[in-house]
Every structure is written in structure tokens, then in C-alpha cells.
Amino acid sequence: MVAQVLFAAKEERWDQYEAPLTRALREAGVEATIGTDIAAQDVEYIVYAPNSSVQDFSIFPKLKAVLNLWAGVETVAPNKTLKVPLARMVDHGLTQGMIEWVTGHVLRHHLGMDTHIFNPDRLWEAKAPPLAEQRRVCILGLGALGSACAQTLAGLGFDVSGWSRNAKDIDGVTCHHGDAGLKNALSDAEIVVLLLPDTRATTNVVNATSLQWLAKGAVIINPGRGPLIDDDALLSALNSGQIGHATLDVFRIEPLPQDHPYWAHPNVTVTPHIASETRTWTASQCVAENIRRSEIGEPLLHLVDRSVGY
């Protein structure tokens, strides 16, 4: 049998993905027809970007799985017409890019690099930073990306704690979970990295209360999701000195409006949602592997647990 695969994303994405997806399916040993105009009654798999025109999955009677092209699934997971497995995108390129971005900004703040990069008064302050083992870093979110970043930072010697909804066991990382574990994970943390999904349970997880659990002058780094942060609470904590700096890559509204206070705040770094991105070839390999697994009755990789409430 030849699997029927619908590519449902912006037109320009098909131009980028047609060749690598075709190659990846062939190398995975999957016979498939893939395109943007597969008849709805024939579609078995959808390679999906949430900004596509496909929103009603009930029109695909033979649908077996939806394979998301994005790491974020909060805009598709709640879709009540989606009755088949949904897999998030976790590819090597996305993971490696996130590791590099997070590690770079953690080291930037750990080493106090801004003090010397921005030194208009030419001050000579010969103060060495502490060693990594003396710096408490907390990762909120220990999924594929969070775990990879936590392990990398632990490998550099940082004192790393992490928090997730369910219990995790990661070498070199002190793992906490559940409502009771959040305060323990954040207590006295000096650098906090946010890599949680955007769900009802994680909205405003960084708020006026949780910000007070951190060490005075702590740094917030958010490459995860904008709604994880109560923006007013963070701005207040920055103004009081409870938070020393915030490096933010994601926001509730993107692009970030020109009049947003983050742009003008001296202790905020804004980056334009560039922490990491999906690479076409490694993403195509992930899609092809999941279709191969489905066709032979194996469980899909990176399945989304929609019971958490998106």
C-alpha cells in the first residue's frame, strides 16, 4: 500500500519541504504519495503547520496521525475535531539550536559579559565571576528540549535543578515535579530558563509570587512561550531589583509591539523568536520515521498528551 500524505502548511513551506520529505520517506523505506492536493477522503497522514488552512480534521475519514512541523502544539492540540494521534516536532536541528541559544545566554549572564561589552565609562572592575558549580540554574520544563539544555548545563558544571509536571530522572539534574515541587525548584535560583509548553496549567507560571522565590537579582531567560510570564509582574520585579535581567525570545503578541515596555527597559533583552527553528532535512527525517512506525504498528515518537489541557 502507498501511504497518502497531505502537506498542510503555507505554500512557501512546500517549496522548502517537497524534496527533503520525498527523500526522507524513500530512505525510510516508506512508499508514499505526498503533496498539497491529496483528496480528503484518501488522506492518511497530515504533515501540519498550525497556521495552515486545515482546521477541520473530521473531513479526513482515513486519517491515522497528524505530524506537527512545529515544536509548539498549543494551537492544534485543543482542536475537538482531532481524534487521531498528534506528534510534536522534536528534531536534531531544533534541539541543537535550542541548546546553543540557551547555553550562550546562560553563560552571558553567568560571566557578567554585559558589564564589559557595555562599558561607556571605561570602568576597570577586576572582579572574576564565580565558577559554574556555584551558580544555581533552574530549567522549567523537562521535555525533550528542556532535558537536553539541562544536561548540557550540568555538563558544564552548573548546579542545575529542573521542574516538570510529571516526575523525571536526569543525570546531573535535581528534578522536581508537580505543584509542590515548583517552589523547591525555583528557590534561590539565580538563572531561570523557561521551556514549558503553553497550557492552562503553565500560563503565568512566572508571576508575582514565584518571582519572589528566586535569588535577589536573578535572571529570567524565556525561549519557550510568551504566556508563561505575567508581564506586569516581571516588569515590577525588574524595577524593584528582585530580577536583575530578562532575556526574552517569545511574547504574547509577535512581533512585539513597538510601544511595549520591554523594548525600552534597560534590563531586558528582546530577541525576535530566534532561539531555535526546525531544519527541513532533520524535520523531514522525523516525519518519515513516524509514518514508518505507524505503517508497521509501532508507537509514534513525541506523542502529545492532550489530557494536560491546552
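Colleague: Quick one to start: is Ile117 buried or exposed?

Modeller: Exposed, with a relative accessible area of 54%. Keep in mind that this is a predicted model.

Colleague: Which helix does Ile117 lie in?

Modeller: Helix α3, which covers residues 113–117.

Colleague: And which residues form a nonpolar patch with Ile117 on the surface?

Modeller: Leu111, Met113 and Phe118. Together with Ile117 they have about 410 Å² of accessible area.

Colleague: Changing topic: how many disulfides does the structure hold?

Modeller: Zero.

Colleague: Why is there no bond for Cys175?

Modeller: Because the closest cysteine sulfur, in Cys138, is 10 Å from the sulfur of Cys175, and that's too far for a bond. A pair would have to be within 2.5 Å to count as a disulfide.

Colleague: OK, and what about Cys286, where's the closest cysteine sulfur?

Modeller: In Cys149, 16 Å from the sulfur of Cys286, so again too far for a bond.

Colleague: How accessible is Cys286?

Modeller: Cys286 counts as partly exposed at 23% relative accessibility. For Cys175 the relative accessible area is 23% too, so Cys175 is also partly exposed.

Colleague: Cavities next. How many are there of 30 Å³ or more?

Modeller: Two cavities. The largest cavity has a volume of about 60 Å³.

Colleague: Which residues line the largest cavity?

Modeller: Cys286 turns up again, and the lining also includes Leu67, Asn68, Met89, Val287, Asn290 and His302. The elements giving two or more residues to that lining are β4 (65–68) and α9 (280–295).

Colleague: Which element has the largest share of that lining?

Modeller: α9, with three residues.

Colleague: On to charges. How many salt bridges does a search of the whole structure find?

Modeller: It finds 13 salt bridges. One of them pairs Arg135 with Glu190, where the closest N and O atoms are 3.2 Å apart.

Colleague: Where do Arg135 and Glu190 lie?

Modeller: Arg135 is in the loop between α3 and β6 (136–140), while Glu190 is in the loop between α5 (178–186) and β9 (191–194). They're 55 residues apart in sequence, so the pair ties together parts separated by that stretch.

Colleague: Is Arg135 buried or exposed there?

Modeller: Arg135 counts as buried at 14% relative accessibility, whereas Glu190 counts as partly exposed at 24%.

Colleague: What about Asp305, which side chain does it meet in a salt bridge?

Modeller: Arg165, at 3.2 Å from N to O. Asp305 lies in the segment after α9 and Arg165 in the loop between β7 (159–164) and β8 (173–177), so this pair ties together parts that are 140 residues apart in sequence.

Colleague: How accessible are those two, Asp305 first and then Arg165?

Modeller: Asp305 counts as partly exposed at 37% relative accessibility, and Arg165 counts as partly exposed at 44%.

Colleague: Last topic: which residues are linked with Arg293 in a network of salt bridges?

Modeller: Glu289, Arg292 and Glu298. The side chains of Arg293 and Glu298 meet at 3.8 Å, N to O.

Colleague: And is Arg293 buried or exposed?

Modeller: Arg293 counts as buried at 18% relative accessibility. Its partner Glu298 is partly exposed, with a relative accessible area of 32%.

Methods: Residues numbered from 1 in each chain as written. Predicted model: local features only at pLDDT ≥ 70, side-chain atom pairs only at ≥ 80, totals over all residues. Heavy atoms only, no water. Buried < 20%, exposed > 50% of the residue type's maximum accessible area, 1.4 Å probe, protein only. Patch = residues over 30% accessible without salt bridge, like charges linked within 9 Å, V, L, I, M, F, W, Y side chains within 5 Å. Areas by Shrake-Rupley, 256 points an atom, 1.4 Å probe, with all protein chains shown as cover. Salt bridge = Lys/Arg side-chain N within 4 Å of Asp/Glu carboxyl O. Helix = DSSP H or I, 4+ residues; strand = E, 2+ residues; numbered from the N terminus. 1 Å grid on protein atoms, 1.4 Å probe; cavity = no way out; pocket = protein on both sides within 12 Å on 5 of 7 lines; lining within 4 Å. Points joined across faces, edges and corners; volume = space filled by probe spheres on them.
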